[in-house]
Every structure is written in C-alpha cells, then in structure tokens.
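Visitor: Hey, can you walk me through this one? I'm new to reading structures.
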Amino acid sequence: MEKPLVRIAPTAGWLDLHLGELWEYRELLYFLIWRNIKVRYKQTIIGAGWAIVQPFFTMVIFTLFFGKLAGMPSEGLPYPIFYYSALLPWVYFANALNQATLTIVEHQRVITKIYFPRILLPLSAVLSGLVDFSFAFTILIGMMVFYRVVPTAATLLLPLFLLLAISTAFGVGLWLSALNAIYRDVRYAVPFVVQCWMFASPVIYPSSLVPERWRWLYALNPMTGVIEGFRWALLGQSKPLGSLLFASAGAVLLLMAGGLVYFQRMEGTIADVV
Amino acid sequence: MWAPTNLRVMSDIAIRAEGLSKKYRIGQRGRYQSLRDVLGQSLAVPIRWLRQTRDGMQKTGEEHSDPPPHVFSADNFIWALQDISFEVRSGEIVGIIGSNGSGKSTLLRVLSRITKPTVGFAEVRGRVGSLLEVGTGFHHELTGRENIYLNGAILGMRKAEIARKFNEIVAFAEVEKFIDTAVKHYSSGMWLRLAFAVAAYMEPDILLVDEGLAVGDAGFQKKCIEKIRNVAKEGQTVLFVSHHINQIQALCQRCIWLEAGTIRIAGSTKDVVRAYETAFTSTPLDASQDSDGRRLSPAS
C-alpha cells in the first residue's frame with residue numbers, strides 16, 4: 001500500500017486548510033472534547049448541576065433587578081423566561097470564548113512535543129460547551145411547560161441559531177487563542193470584553209429598545225441574531241427577523257474567515273512562541 | 001556503504017530534506033510580549049526616529065542608537081538549522097549526534113511538524129511517530145485506561161487500533177492492577193512505563209527519537225533501546241538523536257553529525273564516530289595533560 005507523502009515547508013498562500021487532514025484527526029477531536037467534559041466534572045459533588053447553576057441564578061438576579069426593580073420591557077413575556085431564553089445561548093458563548101482563549105497556552109507542553117492540527121484545540125474548546133448547554137436546555141423546557149408556552153413550527157429552526165452561536169464562538173475563539181499564545185495579557189482583557197459584549201446584546205433588554213436608525217449597527221453583533229433567534233424560535237415572538245439575521249450571519253462569516261486565515265498563518269510557528 | 005543515487009527507487013526514500021533552515025528570534029525570547037509592549041514600541045518608533053534625525057543633524061558621523069527590538073536586525077536572529085539536506089531510505093536507522101545547541105532537537109521538531117521551517121522543505125513518506133517526550137497529553141485526573149486512549153489519539157492512533165492493542169500496552173507497562181486508578185496516584189516509574197508503552201505500540205513508518213527519552217531507571221532505558229531495535233527490525237525507519245555514542249554505534253548504520261546548525265559530516269556510523277571522537281580528543285584541554293588526561297610531569 002502506498003504510504004502518504006507529507007511535505008513540510010513554510011506556510012504559503014492565504015488559506016491552506018488541509019481539510020483531509022482534519023478528517024483524519026476527527027477521533028482526536030472527539031477525545032479532546034470527551035476529556036474536557038470528564039475533567040470538568042471529576043471530583044465535584046453536584047457534577048453536571050454546575051451547568052445549570054450559572055444561567056439559572058443569573059436569570060433570578062436579572063428578574064429581580066432588571067425586571068422587577070428597574071422595570072425593563074420584556075415584550076410581554078414573563079421576566080424569567082425572557083431572560084433565560086437569552087442567557088441559555090449567552091452563557092454558552094461566554095464560556096466557550098473564555099475556554100478558547102486559554103486552550104493553546106494550556107496545551108503548551110503538548111503542542112511543543114507532538115504534531116496534530118492545532119485548530120482542533122479551539123474547536124474542541126468551543127464544542128465542549130455544548131454539553132453544558134444541553135443540560136441548561138432541559139431547564140428551559142421545564143420553564144416553557146411552567147409558563148405554558150407552546151412551541152411553534154419555528155422551533156425547528158433552533159439548531160440553526162445554535163449553529164450561529166457556535167460559529168461566532170469559533171470565529172472569535174480562533175483569534176483569541178492565537179493572540180493569547182503570543183500576547184499573554186489577552187486573557188485578562190477577555191472577561192471584560194465579554195461583559196461589555198453582553199450589554200451590547202439583547203440579553204437584558206429586547207432589541208426593540210434600540211432606536212430604529214441604529215438597528216443596523218446593532219445587528220452586526222452576531223449574538224444579536226442568535227438571541228433574537230432563540231426568543232423567536234422558542235417563544236413565538238411576533239416579529240420576523242429578516243435583515244437583522246442577515247447582518248449577523250454576514251458578520252459571523254467575516255469573523256470566521258479572518259480567524260481562519262490568522263490562525264492558519266500562526267499555526268506553523270505557534271510552537272516557537274507559546 | 002552508500003548506494004549510488006540513480007539506483008535508488010524514489011518510493012524507497014522515507015525522509016528527504018532539502019535546504020532545510022530554521023531561524024529563531026533571540027533576545028526577546030523568554031520574555032513574553034504583551035500587547036501593551038507592542039503598542040508602546042509602535043508608538044515609540046516615530047519619537048525615536050525624530051530624536052535620531054535631530055541628533056544626526058547635530059552630531060555627524062556618530063552611531064545611531066540601537067534599533068528597537070522589534071526591528072529585525074542581524075543581532076536578533078539565530079539560524080538553528082542552516083541548509084540541511086539529506087535523505088533517509090526506508091528501513092534505515094540513522095543516528096544524529098552533535099553537541100548541545102547544534103540543532104539536533106530543532107531538526108526533529110521540524111520533521112515532526114511541530115514547527116515549520118523558515119526556508120527549504122522536507123518530504124516525509126509514511127506515518128511519523130515522534131518520541132520527543134513520553135506521556136504528552138496525559139491528564140492527571142484521568143485513569144490509566146482513559147489516558148491510554150487519550151494519549152494514543154494524540155499520537156495519531158485510531159480508537160479501534162488502541163482498543164486492539166490495549167491489553168498488550170497494559171501488560172508491557174505492568175500496571176494491570178492500577179489501570180482504573182487516576183494517574184495522579186501513580187509512581188513516577190509507573191507513569192513512565194505506561195507512557196512509553198503507549199508510544200511503543202504506535203507502529204509508525206518513521207520513528208523520531210530524541211535524547212530526552214533517556215530518563216528513568218536502567219531497566220526502563222534497556223526497554224527503550226530494545227523496543228527501538230525491534231521497531232527497526234520490522235523495517236521501519238528510525239532517526240535517533242543521542243549523546244551516548246555507544247548507543248548510536250549499537251543501533252545505527254548511518255550517522256549525521258550536526259554542528260551549529262549545519263551538517264559537518266554524514267556517512268557510515270564508523271566513519272562519523274571516528275571523526276567525532278578525534279575532534280574532541282585532539283585538542284587537549286590543558287597543555288600539562290596528555291590525551292588521557294594524566295598530568296605530565298614537568299621533566300617530560
């Protein structure tokens with residue numbers, strides 16, 4: 001049987017993804033995700049319960065302070081479900097970004113000793129959060145039953161919005177993981193950036209609060225599309241999304257393309273700087 | 001002895017390097033760049049330029065101040081590898097010797113694809129296994145069983161392949177009783193044995209072994225050497241970096257002597273080792289000692 005020939009040379013061209021190679025290493029991706037999940041819950045008492053605690057208690061706090069105390073509009077929905085439907089994708093996104101930022105530096109020893117496609121690291125960091133997401137999702141189903149919210153046909157589109165969230169986390173994660181390996185202070189900026197990003201997204205308030213003429217700028221935030229999409233798909237909000245979604249999707253594609261190019265250029269020599 | 005090039009079949013070449021060169025930046029290494037530093041340096045450039053121009057107008061014929069560290073100058077770089085070209089045929093065991101800092105580990109890192117070369121290229125035919133360090137990717141919270149799968153996957157083995165070899169790996173490592181305990185409870189010996197066992201069953205077409213493998217007790221070292229010898233017997237190519245000349249002589253048919261990033265001499269192990277040893281014993285460290293290091297009496 002003819003053995004595969006691999007050429008080792010300096011990075012050439014703009015984008016050189018080696019998709020065939022990624023497919024070959026698909027099992028490693030599975031093992032990295034499996035390891036992330038196993039390690040996260042080992043030696044914890046509540047175990048998977050932690051995945052529920054963060055969005056749930058944040059929802060309680062938001063309901064009390066932004067809902068009851070401040071009286072934020074919630075488009076006719078009960079506060080808890082209004083906030084939880086947004087917190088569900090948001091918590092996934094925030095955690096995925098934080099994990100992705102650290103992943104290359106955390107794997108410093110592995111990267112400098114063994115070869116595998118480095119892109120598997122931010123990819124596994126972003127995908128590991130989906131398990132937490134699914135646990136938190138069960139709570140949402142419970143809440144929908146409690147508030148007698150009936151899912152519509154639009155609910156079938158929910159995976160699409162989840163995919164948008166994953167793509168955003170991956171696109172930004174590619175940038176952050178490579179940048180943090182080179183400039184070690186990036187990891188300190190990220191939690192702050194994520195906080196600000198939350199206020200720039202319709203988590204605490206509906207996007208209808210944003211003045212009409214700024215709505216286009218607001219929609220360039222991919223998480224706007226994700227969160228409004230989640231609310232629309234799950235809770236049957238009346239207004240269709242239309243251009244808001246296209247703007248968000250376009251921004252995601254740009255982020256991912258840029259992230260892939262940057263990561264791929266850094267990949268060859270990241271073992272020298274990490 | 002060397003076979004003439006035109007008689008070699010092209011698919012017989014396992015590794016081919018041509019003009020392989022690797023440049024590393026020195027000076028700022030070990031001090032991580034922060035975004036703040038980079039921004040500060042970028043802002044300082046125009047100020048420094050203005051200052052230089054002003055000084056230049058006042059004092060003629062004087063040296064300008066040093067360029068800022070991010071400006072690429074000859075002082076900031078080192079060529080760890082320079083224009084390395086060689087061929088290794090399938091089934092050969094080739095030793096790589098040289099003093100510390102000669103580029104041996106860098107060469108293995110480039111061939112393992114851990115880092116990309118700056119100039120030149122290499123072609124590698126077949127699956128490459130690097131034993132630059134064992135136990136890479138082991139997580140202390142996971143059990144021995146889980147780590148075998150994880151480490152095997154990182155090394156490039158398929159899950160089915162690992163499952164098939166699982167029992168042999170555990171037997172080789174002699175950790176049957178502890179296979180379902182978290183590895184943080186293992187002794188360092190057990191840890192090393194398990195890590196090496198996984199790597200030993202990798203069955204790559206090309207094996208790259210670095211001297212860092214020479215850790216562990218004498219029994220473990222013996223196992224390493226035995227395994228490498230067996231691997232070579234099965235027709236796999238091996239590149240073996242070591243400081244132990246006797247190990248090189250025992251295992252390798254051919255040898256490459258690297259010095260300061262270039263190939264000083266390459267050929268049969270006998271010739272290269274003879275040249276290597278002559279070079280180190282011909283220059284006496286102390287004029288009052290003979291070549292065996294015995295002190296000469298003043299009279300002789």
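Guide: Sure, we'll go through one strand and then how the two chains meet. Keep in mind that this is a predicted model.

Visitor: OK, strand 3 of chain B: is it buried or exposed?
Guide: Buried. Five of the five residues of strand 3 (residues 93-97) of chain B are buried, so the strand is largely enclosed by the rest of the structure.

Visitor: Which way do its residues point?
Guide: Ile93(B), Gly95(B) and Ile97(B) point one way, while Val94(B) and Ile96(B) point the other way. That fits a general pattern: in a regular strand, side chains alternate between the two faces of the sheet.

Visitor: And which strands does strand 3 of chain B pair with?
Guide: One is strand 7 (residues 237-241) of chain B, in the parallel sense over four bridges. There, Ile93(B) has Val238(B) as its bridge partner. Strand 8 (residues 254-259) of chain B also pairs with strand 3 in the parallel sense, over four bridges, and Val94(B) stands opposite Arg254(B).

Visitor: Switching topic: how many residues does each chain put into the contact?
Guide: Chain A puts in 31 residues and chain B 39 residues.

Visitor: What part of chain A gives the most?
Guide: Helix 2 of chain A, with six residues on the side that touches chain B. That side of chain A has 16 nonpolar, four polar and eleven charged residues.

Visitor: Which strands pair across the two chains?
Guide: Strand 1 of chain A pairs with strand 4 (residues 119-125) of chain B, in the antiparallel sense over four bridges. In that pairing, Ile8(A) has Ala122(B) as its bridge partner.

Conventions. Residues are numbered from 1 along each chain as its sequence is written. Chains are lettered from A and ligands numbered from 1 in the order in which they are written. This is a predicted model: local features need pLDDT of at least 70, side-chain atom pairs count only at pLDDT 80 or more; totals for chains, interfaces and linings use all residues. A residue is buried if 20 or more other C-beta atoms lie within 10 Å of its own, exposed if 12 or fewer, and partly exposed in between; C-beta atoms are placed from the backbone. Two strands pair if DSSP finds at least two bridges between them. Two residues are in contact if their C-beta atoms, placed from the backbone, lie within 7 Å. Ala, Val, Leu, Ile, Met, Phe, Trp, Tyr, Cys and Pro count as nonpolar, Asp, Glu, Lys and Arg as charged, and the others, Gly among them, as polar.
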